[in-house]
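Here is my note on the model, set out as numbered points. Please keep the structure open beside the text as you read.

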Amino acid sequence: MKSIQARLSHRFRKPLAMDKPSSSNCNRLSRSTSNCRSPAIVRGPLSSEEFQDPATAVTTHQRLFWSGQRGSTAGRDDKNKPDSTAAAGKKKPPTSTRQSNFTQTEQSRTHRKLSTRSTHCNSVAVTALVSRETIPQTSGAGYRRPEDLTARCSASHEGRKLLQERLTVRVDALFNMLFSASPFLQSFHERRKSTDLNMGVWARNAGGQNQRTVSMTVTLQANVGPKTAKITETQTMRECSQPGQLYSIDVQSVNADIPYADTFVVLMHFCLKATVEEHTDVLVFAQIQFLKSVWAVVKTFIERNAYAGLEEFCQSLYSALLIEIRKR
C-alpha cells in the first residue's frame, strides 16, 4: 500500500513530457493543427511559465486562433490533400454539402406552384379578353331582351303538374314538333304502339279560336280490363298565344271502349314559353273532370289509373324530345 502511494505521488509531482515547452513539441503542435479537422482542445489553464515562454505563447496563440475560426484556409487546403484514412483502406465519412431530399422536394414543389400560378394568371387574362369580344356577338345573335317577351299565359294552371322543364329549342320549333303532323310526333306514337292516328289541321272555330282534332287508338298498360282505348283530343289555342313568344293550348280528351268512359274527361294544358336565351319553358298540367256522379271507390280507381297513364305519357314525351333536340 505504501509503495502505491509513493508511485502516485511521484507520478503527479513529476511534470508531464507533453507539458514541457520545447521547440519540437511546438512544431509538432503547429503541424497537427494544420492537418486536424476539428478545433484544438485546451485541456486546462496554462501556467505562468508557459505564458512567459515565447515559443509557448506562439503555440497558444495558434491554438486559440484555430479554435475561433473554423473555416480557415488550412481546412480548405486539406480537402485537396489525399486522405490518409482512405489510403489505409478505411471509409471516409461523407462530407458532401448536398441538400436533403426533403429540402429539394419542398423547393421543387414551391417552384411548381409559382410556375403554375403564373401560367394560370396568364390564361385567365387571355380568356377574359376573348370573352369580352364574344359577349356582344352572342347577345345579339342568340339572346333577347326581357322587355321583348311581353306575352303572358291567361290560363290558371290548375290541376296536377305533370311536367316542368326547360328545353334548348326555340318555342316555334317545339310547337311544330308537338302540335302538327310532324315526323317526330308520328314516330313517337309508333314507338308507343298507337294505331289509327289521325291529326287534323288548325282552323277557326265558332269562338274565333284556332282548333284541331286528333284521334288515335292507344295501348293500355293496366293488368285488368281492356288492353286498348280509343282517344279523341280537341286541341284549342288560347288568344294569348303569340308566335315566337308563347303558345297556350288546352286539350280535352274523351275516352272510349273502357269502363265508365262516359263519366269523365281528361283536361290537359300545355304552356310553351320562350326565354331570353331562345330556349323554351314547358309546363303541362292535367285534371280529371267527372261528367256524372260515380261511387267514391270508382272515382278513386279512375283518378289513380288516369294520372298514372298521363305521367307516364309526359315522361316518355320529354325523353323523346331530348333525343330529338340532340340530333339537331
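1. In which sense do β7 and β8 pair, and over how many bridges? The two strands pair in the antiparallel sense, and eleven bridges link them. Bear in mind throughout that this is a predicted model.

2. Look next at how β7 leads into β8. The two strands form a hairpin, with five residues between them. Glu278 sits in the turn and has a positive phi of about 65 degrees. For one pair across this hairpin, take Lys273, whose bridge partner in β8 is Asp281.

3. β8 also pairs with β1 (160–167). Seven bridges join β1 to β8, and these strands run antiparallel. Leu167 has Thr280 in β8 as its bridge partner. So far, then, β8 has been seen to pair with β7 and with β1.

4. Now follow the pairing of β4 (210–219), β5 (228–237) and β6 (246–256). Nine bridges join β4 to β5 in an antiparallel arrangement. β5 and β6 run antiparallel as well, joined by eight bridges. Thr232 is a useful residue to find here. Thr232, in β5, is the bridge partner of Ser215. Thr232 also stands opposite Val254 in β6. A general point helps when you trace side chains here: in a regular strand they alternate between the two faces of the sheet.

5. Turn to the helices. Helix α8 covers residues 171–178 and packs against α10 at an angle of about 125 degrees. The two axes are 12 Å apart. Why are α8 and α10 called oblique to each other? An angle over 115 degrees but not over 145 falls outside the parallel, perpendicular and antiparallel ranges, so α8 and α10 count as oblique. α8 passes α10 in a right-handed crossing.

6. α9 (183–191) meets α10 (296–327) too. Their axes cross at roughly 130 degrees and come within 11 Å. That angle makes α9 oblique to α10. The crossing of α9 and α10 is right-handed.

7. Next comes the space inside. Rolling a probe the size of a water molecule over the atoms shows where empty space is left. The structure holds three cavities of 30 Å³ or more. The largest cavity has a volume of about 180 Å³.

8. Which residues lie nearest the centre of the largest cavity? They are Leu178, Leu185, Glu233, Gln235 and Phe313, out of a lining of 15 residues. Helices and strands both contribute: α9, β4, β5, β7 (264–274) and α10 each supply at least two residues. The lining divides into eleven nonpolar, two polar and two charged residues.

9. The second largest cavity holds about 50 Å³ of space. Two or more lining residues come from each of β1, β8 (280–290) and α10. α10 gives the most, with four residues. Among the lining residues are Leu163, Leu167, Phe270, Val282 and Val284. Cys314, Leu317, Tyr318 and Leu321 also line this cavity. By class, the lining has ten nonpolar, no polar and no charged residues. Leu178 deserves a second look, for this residue lines the second largest cavity and also lies by the centre of the largest one, among the residues nearest to it.

10. Finish with the largest pocket. What is its volume? The largest pocket has a volume of about 1100 Å³. Two or more lining residues come from each of α9, β4, β5, β6, β7 and α10. α10 gives the most to this pocket, with ten residues.

11. Who lines that pocket? In total, 35 residues do, and Val218, Leu220, Asn305, Ala306 and Gly309 lie nearest the centre. The lining divides into 20 nonpolar, nine polar and six charged residues.

12. One element to keep in view is α10. This helix packs with α8 and crosses α9. α10 gives the most to the lining of the second largest cavity and to that of the largest pocket. The largest cavity also takes at least two lining residues from α10.

Terms used: Residues numbered from 1 in each chain as written. Predicted model: local features only at pLDDT ≥ 70, side-chain atom pairs only at ≥ 80, totals over all residues. Heavy atoms only, no water. 1 Å grid on protein atoms, 1.4 Å probe; cavity = no way out; pocket = protein on both sides within 12 Å on 5 of 7 lines; lining within 4 Å. Points joined across faces, edges and corners; volume = space filled by probe spheres on them. Nonpolar A, V, L, I, M, F, W, Y, C, P; charged D, E, K, R; others polar. Pairing = 2+ DSSP bridges. Axes fitted to C-alpha atoms, helices over the stretch in contact; angles between N-to-C directions. Parallel < 35°, antiparallel > 145°, perpendicular 65-115°, else oblique. Left-handed = near helix turned anticlockwise from the far one by under 90°.
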